[in-house]
Each structure stands twice: as structure tokens, then as C-alpha cells.
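This briefing sets out selected features of a single protein chain, grouped by topic. Please read it alongside the sequence and the model shown here.

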Amino acid sequence: MKLGKSALKRIKESIERKTKEALAELRAKNAAEQKTKKPAAERKPKKAPAKKTKKASDIDGLELLFIIVNRSKGEFYADLMESFEVNMLLTAHGTGTADKSTLELFGLNDTDKAVILGVIRKSKIADALYTLDQKFKTIRNGKGIAYTVPLTGVIGTLIFGFLSNNRKMVKENTEESKK
């Protein structure tokens, strides 16, 4: 659809008018807020926030991390995940399901895989997956896949503290259980 010059001019004027009205409204609202604010001398001083001890509900959630790589690189990737405070790692041996003709077609010959499972904090996932992606691209025969699945529940704060690699929470809970 082609618009004429007069239609474009009307649209432009309409946009300019609405922009000016919105700006005037914002300025009026801002001025009203400034009038209702108390001067700095009359305001009560802010209190320093009280220090909170971290509880299980304060810590971000956990996810189950899956990494599938060639078996020869399994130990390398398991060690790499320890740098992201993955407290529990399980490595299982697997075999690819592609038949021999498909493997030859793609120039692949190794079907032995390592399946690495670990529990990781949500705050660490982005960094861990980015690092894995970089390693998959740069390491010779180091290609693989990685993904996470959310854990919706963990029974007990002690177990949650262990899985989230929060030693302080584990220590506090064990001390409380001894009392």
C-alpha cells in the first residue's frame, strides 16, 4: 500500500502531537511527585539492612546437568564441571545408536560415549553452558551436547545444601540436628 505525501504528513503530525502530550503528562506527574517529597532534612535516616543468614529458600534452585561426550573426554569434562561448584557428578558409559553406514557417511567412527550427570545451581548454568560450548568448539575430538533439566523438589535442607555445594548450610543443619 502506497501512501501519498498528505497522508504521510498527517501521520507525522499526529505522532508529534501525541509525543508532546505524553511528555507534558510525564513532566506534570514528575513535578507533582517532587512537591510531595519531603526535604532531605525532614526524612528519617535509613537503617542499615539486617544481615540475613541464608536459608534454603534464599538460595537459587538446582538443575540436573547432562553432558554427553566421547568416552575419552569424559574425565576432562567432569573435572571442568567441578570448577562450577558441581558437587555431585556421575559418569556413565554409553554407546551411540547410529548404525555403521550412517557413521561412515558422516566420517565418524567412535560410538563410545560418556554421559555425565551433575547437580548445578541455576546461577551457575549460563557460565557452565557457555564454557562447555567453547570447549566443544575448540578441543580436538571434544564435541558433545549439554543441557539442563530443572529439579522441582529436593527432600530436606541438608540434602539441598549438599547438592547446591553450600557447606555453611550443611554445617548449620548438622549442628541443629545434634542439639
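In this predicted model, Ile 116 counts as buried, because its relative accessibility is 1% and the cut-off for a buried residue is under 20%. The residue belongs to strand β3, which covers residues 112-121. The points below begin with the surroundings of Ile 116 and then turn to three other residues, a pair of helices and the chain as a whole.

**Surroundings of Ile 116**
- Leaving out residues up to four places away in sequence, Ile 116 touches Leu 65, Phe 66, Ile 67, Val 69, Gly 74, Tyr 77, Ala 78, Leu 89, Leu 90 and Thr 91.
- One of these partners, Thr 91, is 25 residues from Ile 116 along the chain, and the C-alpha atoms of the two are separated by 4.4 Å.
- Tyr 77, another residue touched by Ile 116, is also among the residues of α2 that meet α4.

**Pairing of helices α2 and α4**
- Helix α2, formed by residues 74-82, and helix α4, formed by residues 122-138, have axes that come within 11 Å of each other and cross at roughly 150°.
- That angle makes α2 roughly antiparallel to α4, because angles over 145 degrees are placed in that class.
- The crossing of the two helices, α2 and α4, is right-handed.
- On the α2 side the contact involves Phe 76, Tyr 77, Leu 80 and Met 81, which meet Ala 128, Thr 131, Leu 132, Lys 135 and Phe 136 on the α4 side.
- Sorted by class, the residues in this contact of α2 with α4 are seven nonpolar, one polar and one charged.

**Lys 143 and Pro 150**
- Lys 143 is located in the loop that runs between α4 and β4, and this residue is exposed, with a relative accessible area of 57%.
- Apart from neighbours within four places in sequence, Lys 143 is in contact with Ile 68, Val 69, Asn 70 and Phe 136; of these partners, Phe 136 also takes part in the contact of α4 with α2, while Val 69 is also touched by Ile 116.
- Between Lys 143 and Ile 68, which lie 75 residues apart along the chain, the C-alpha separation is 8.8 Å.
- Pro 150 lies in strand β4, which spans residues 144-150, and is partly exposed, with a relative accessible area of 48%.
- Setting aside residues up to four places away in sequence, Pro 150 touches Leu 62 and Glu 63; Leu 62 is 88 residues from Pro 150 in sequence, yet the two are 6.5 Å apart in space, C-alpha to C-alpha.

**Backbone at Glu 85**
- Glu 85 has a phi near 60°, a positive value in a residue other than glycine.
- The position of Glu 85 is in the loop between α2 and β2, the latter being residues 89-95, where Glu 85 is partly exposed at a relative accessible area of 31%.

**The chain as a whole**
- The protein chain contains six helices and four strands, and when read along the sequence these follow the pattern α-β-α-β-α-β-α-β-α-α.
- Of the 179 residues in the protein chain, 22% are buried, and Ile 116 is one of the residues that count as buried.
- Among contacts between residues at least 6 apart in sequence, 76% join residues at least 24 apart; the contact of Ile 116 with Thr 91, at 25 residues along the chain, is of this kind.
- The protein chain exposes about 14200 Å², of which carbon and sulfur atoms supply 56%.

Definitions and conventions:
Residues numbered from 1 in each chain as written. Predicted model: local features only at pLDDT ≥ 70, side-chain atom pairs only at ≥ 80, totals over all residues. Heavy atoms only, no water. Axes fitted to C-alpha atoms, helices over the stretch in contact; angles between N-to-C directions. Parallel < 35°, antiparallel > 145°, perpendicular 65-115°, else oblique. Left-handed = near helix turned anticlockwise from the far one by under 90°. Contact = heavy atoms within 4.5 Å. Nonpolar A, V, L, I, M, F, W, Y, C, P; charged D, E, K, R; others polar. Buried < 20%, exposed > 50% of the residue type's maximum accessible area, 1.4 Å probe, protein only. Areas by Shrake-Rupley, 256 points an atom, 1.4 Å probe, with all protein chains shown as cover.
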